[in-house]
Amino acid sequence: MSDFSQQLRRVRLLLGTGRAAAAVLALAAVAGLLWLIFGLADWAAGFETGGRKAITLSLLALTGAAGLTALIRALTVGSAEAAAKADAALADPREPAAAALSLDPAAAATPLAEMLTRRSLEAASASLKQLPLGKIFPWRLIGRAMVALAIPVIAIAIFRSSAPAAFSTVSQRLLHPDTDIPPYSPLVFRIDPTQPSAVYGGDLQLVAEITGGTIDHPVECLIRRSRSGEVLRLPAFRESPTRFSRRLDGLTESMDIATACGKARSHWVPVEILLEPKILSGVVRTTPPAYTGLAARSFPLDTNEIAAIEGSTVSLELTSNRPLASGKLIFTPAAAPGVEAVPRTIEGTISSSHQATFTWTATLAGRISATVSDLRGTPAPQPLDLALRILPDRAPVVELTSPPHQLLATPKSVIPIAGTAEDDFSLSRLQFVRTLSGFRDRVRVVAPDLHDRNYAFNDKLDLYDLGLEAGQVIELMLEASDRNPSLLGHGSSGISRIKIISEDQYAEYIRAKTTIAQFGARFEAARESMENARESLEKLGDALEKGDAEGAAKALEEARDAQRAGADLLEKIAGDFPAFELEKRLAELAEKQAADLRENLDALEKIDPAGGEGQQAAIDEMLERLGRRQEQAEQLDEDVALARDAARILEMAAKFRQIYENQVSVAKRFGSIVKELRQGDNQNRRLLPSLAGTQEKNRAALGDFKTELKLRLDSVKGGEPMLAPLVDSAFQFLADLDAAAPETLMDAAATHGKAGQANDAYTNAELARELLERLLSKPEPFPEAVMGKAPALDLPRPDVNANIEQMLKALLGQNPGDAGGGQAPAGELGMGGTGPQGAPTSGIPMDLPVVGPERLEFEPLASSSKSGDGKSKTGPVAPLPETAEAGKIHPTETRRGESSTLSPESIPEPYREAVKRFFTP
């Protein structure tokens, strides 16, 4: 650094120091003036603590910002400004400092220029060294700042000397803005009481004595809430020129109070809230009797009731807001016959300074009144009132979930038993009871030592082991006991009744549930399994003949699968329960065919896909083995087709029987209304339009019957000659029906019924019934089938006749229901329900769950019985259950491959009582 630069820096430092001193004095003057103005404003307005704090912070921020700005500007002195100040002090017109500042030694291009520059800098440095410091220091600026500072100082001194009391108050308020100092006022406030207090929720009377000046503003009582800081201003009542009072009601929280008159007010005085001993919370501990096995529990008292098991030890722990000295509980038993309501006093134990505990044994229900007293002996203002509820030890709840309340089962069925028992505390034992009508109960303890609240029981009842016979009824029940010492804890489930039916009745039940398509699907499945086995062998022979080793290996595997699948299916069919007569012949044939397939399966193990001698001969032998039963199978297929064709015609006979029965019902109901009208009773006349609608539906059903019967007769006409008598009789019946034309009478009956003409409606309905009955009286196969007599067909095989008779009986078992909505869809063999006279055709209700021997269920294809390649197809066969209990099913489920079951809830409501009576011995 050059000598000139050092001298110039000295000048800059001197100028900055002087300006900073002036800035500090000026800032002090401004601050004094602002605080003087703030003090005078506070003297006049009397700002509250919050306002003073806000103004103080604002002034501090403003003063600090202004001072910082002034200091920065004062200390920032540039070189050019310092050179100009130095030249002015030197009074040299050449201005050596400014000239030297403008020269740059590094920029000299020639030695001469360099020499001249050096000479200028040396001359300027010499001049600055000779310059006195007093000529550069800013004395005038400092003087002006001192004059400005003297103005607020003099004003403050005048304020202090003229109003010392006000100055002292205001200065304290300014120096301590966050301290509660009342604004200056000549008024003097004295509050009585000096240390105010009140009982929680009580009242407080405040009195203020105001002296020292004239009261020229309304006097108010100020209340400041401690939690929120909110200030309420309430008017005070004047008792004398200087005495004012105010009553505060319902004090429940701490607060500060003061008295104000205009801007003048007293100091804030805290009000102490005196608490009475009150119950803040409670905890209940109950210890149940030991026999229940339940653990003690503790819970907060959040309701006005305590519930405890009879004999429990109850402990009530109350917590107060004050230290306690004693507690007392009064228990009053509830009024009851034989119980004297004598109050009982229970003294409490002070477990801690704020807690009282009461302990007693709960044996009776009643009312509880508890109170506590603090150390001064002051009782709680109100006692704690509670209700004591006794929970009795209820008997176990037992439910027998399986079997259902009513069940039908064959003598060899295995019935799953399932039930649950639940107690409110603890079970002790569970026993299974079964009763056969006319014999004593058989009791078996299934769980002798229980300690749980819940128990699930599962078992099986083999009816075959019991030696039951058809017609007998066995009743099942579960009983459970708990550990109540009074020995009253005993519960029983509902009774499940199992009525034993014969396998013949079970077969009738199955026939009533089997459609014509389902009947034939079983035979189709057996035939297809044999065809698949035969086709797979032919395919294997072709592959071996061509020498295609890879194709032969694949065909061999397919042949094995086909033989195995066919054998499995046929063995199941052979062991299946036969419901129809023809199924017995199918079972015998299936057993033999399954044996043939097993032999083929063994022979296929010796086949080599690579070919060789004797391979084709082995294939031919297997095909020949499958052809052994071909004649029997074809004969069976013909008989099944014959029975199916006969069933399609007999189904129409059953439909006509439904139409006839509906017409009988309609005519009878019309006749009843006619009799009532003749006796002067018009109550049921309003039913005539509805009955006319029923007649129209039966008329439409008759038209549909004629159309459907014609279609079915045309489809079998010229087919099986052995059905010719039945077909011809049906054609003749259809012709006689067209000639009789009962539709005209049905239409007339419906028309008169809608018009309210009961007598004419009855006459036409009855004539229509007579026409239908006359048609049924002819001794022909079709009318006789309508009346329930199977046609005497000239068939060489008795089982076919028996099968057709079974089908007719099942068809007549359809539930006729309503003429318009109760008709079974075409193609249905039987849908269950009741026969023409309303009695179950199978001797058992169709809507009850039934358990019997297992039976495969075959579903035909929905669209057609022929596939695109002309081969007959059937729907999938459901697999048999994998359990060892063959022939037994769950009574509450419907599963494919098993006999159907229905839940009792499926029984229509009007008939449930009748079903119960049927099973009640």
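Leaving aside neighbours within four places in sequence, with which residues is Leu540 in contact? The legends below, drawn from a predicted model, begin with that residue.

**Figure 1. Surroundings of Leu540 in the largest nonpolar core**. With neighbours within four places in sequence set aside, Leu540 is in contact with Ala552, Ala555, Leu556, Ala559, Leu604, Ile607 and Ile619. The largest nonpolar core has 90 residues, and Leu540, Phe656, Phe705 and Phe782 are those with the most contacts inside it. Helix α14, spanning residues 630–678, supplies the largest share of this core, namely 15 residues. A second core, separate from this one, has 25 residues, among them Ala447, Ala480, Ile500 and Val851. In soluble globular proteins, nonpolar side chains tend to be buried together. In the protein chain as a whole, buried residues account for 43% of the 921 residues.

**Figure 2. Packing of helix α10 with helix α13**. Helix α10 (residues 516–546) packs with helix α13 (residues 615–626) at an angle of about 165°, and their axes are 10 Å apart. Because an angle over 145 degrees counts as roughly antiparallel, α10 is roughly antiparallel to α13. The crossing in which α10 passes α13 is left-handed. On the α10 side, the residues that meet α13 are Met530, Ala533, Arg534, Leu537, Glu538, Leu540, Gly541, Leu544 and Glu545; their counterparts in α13 are Gln615, Gln616, Ile619, Met622, Leu623 and Leu626. Divided by class, this contact has nine nonpolar, three polar and three charged residues.

**Figure 3. Surroundings of Arg534 in helix α10**. Leaving aside neighbours within four places in sequence, Arg534 is in contact with Leu623, Leu626 and Gln630. Of these, Leu623 and Leu626 lie in α13 and take part in the contact with α10. Arg534 and Gln563 are 29 residues apart in sequence, and their C-alpha atoms are 8.6 Å apart in space.

**Figure 4. Packing of helix α14 with helix α16**. The two helices, of which α16 covers residues 724–740, pack at an angle of about 30° with axes 11 Å apart. Since an angle under 35 degrees counts as roughly parallel, α14 is roughly parallel to α16. Their crossing is left-handed. Ala646, Ile649, Leu650 and Phe656 of α14 meet Leu726, Val727, Ala730, Phe733 and Leu737 of α16. By class, the contact has nine nonpolar residues, no polar residues and no charged residues. Phe656 is also one of the residues with the most contacts inside the largest nonpolar core.

**Figure 5. Ala741 and the packing of helix α17 with helix α18**. Ala741 lies in the loop between α16 and α17 (742–754). Its phi is near 50°, a positive value in a residue other than glycine. Most residues other than glycine have a negative phi. Ala741 counts as partly exposed because its relative accessibility is 25%. Beyond this loop, α17 and helix α18 (residues 758–776) pack at an angle of about 160°, with their axes 8 Å apart. This angle makes α17 roughly antiparallel to α18, and α17 passes α18 in a left-handed crossing. From α17 the contact includes Pro742, Leu745, Met746, Ala748, Ala749, His752 and Gly753; from α18 it includes Asp760, Ala761, Asn764, Ala765, Leu767, Ala768, Leu771 and Leu772. These residues divide into 11 nonpolar, three polar and one charged.

**Figure 6. Surroundings of His176**. His176 is found in the loop between α7 (164–175) and β1 (188–192). At 36% relative accessibility, His176 counts as partly exposed. With neighbours within four places in sequence left aside, its contacts are Arg52 and Ile181. His176 and Lys53 are 123 residues apart along the chain, while their C-alpha atoms are separated by 8.8 Å. Across the protein chain, 72% of contacts between residues at least 6 apart in sequence join residues at least 24 apart.

**Figure 7. Cis peptide bonds preceding Pro193 and Pro403**. The peptide bond from Asp192 to Pro193 is cis, with omega near 5°, and Pro193 lies in the loop between β1 and β2 (197–199). Ser402 and Pro403 are likewise joined by a cis peptide bond, with omega about 5°. Pro403 is placed in the loop between β21 (397–402) and β22 (406–409). Most peptide bonds are trans. The protein chain that holds these loops has 21 helices and 30 strands.

Technical notes: Residues are numbered from 1 along each chain as its sequence is written. This is a predicted model: local features need pLDDT of at least 70, side-chain atom pairs count only at pLDDT 80 or more; totals for chains, interfaces and linings use all residues. Side-chain values use heavy atoms; hydrogens and water are left out. A nonpolar core is a set of buried Ala, Val, Leu, Ile, Met, Phe, Trp, Tyr and Cys residues joined through side-chain atoms within 4.5 Å. Buried means under 20% relative accessible area, exposed over 50%, partly exposed in between (1.4 Å probe, protein chains only). Helices (H or I, at least four residues) and strands (E, at least two) are DSSP runs, numbered from the N terminus. Contact means heavy atoms within 4.5 Å. Axes are lines fitted to C-alpha atoms, for helices over the stretch in contact, and angles run from 0 to 180 degrees between N-to-C directions. Angles under 35 degrees count as roughly parallel, over 145 as roughly antiparallel, 65 to 115 as roughly perpendicular and the rest as oblique. A crossing is left-handed if the near helix is turned anticlockwise from the far one by less than a right angle, and right-handed if clockwise. Ala, Val, Leu, Ile, Met, Phe, Trp, Tyr, Cys and Pro count as nonpolar, Asp, Glu, Lys and Arg as charged, and the others, Gly among them, as polar.
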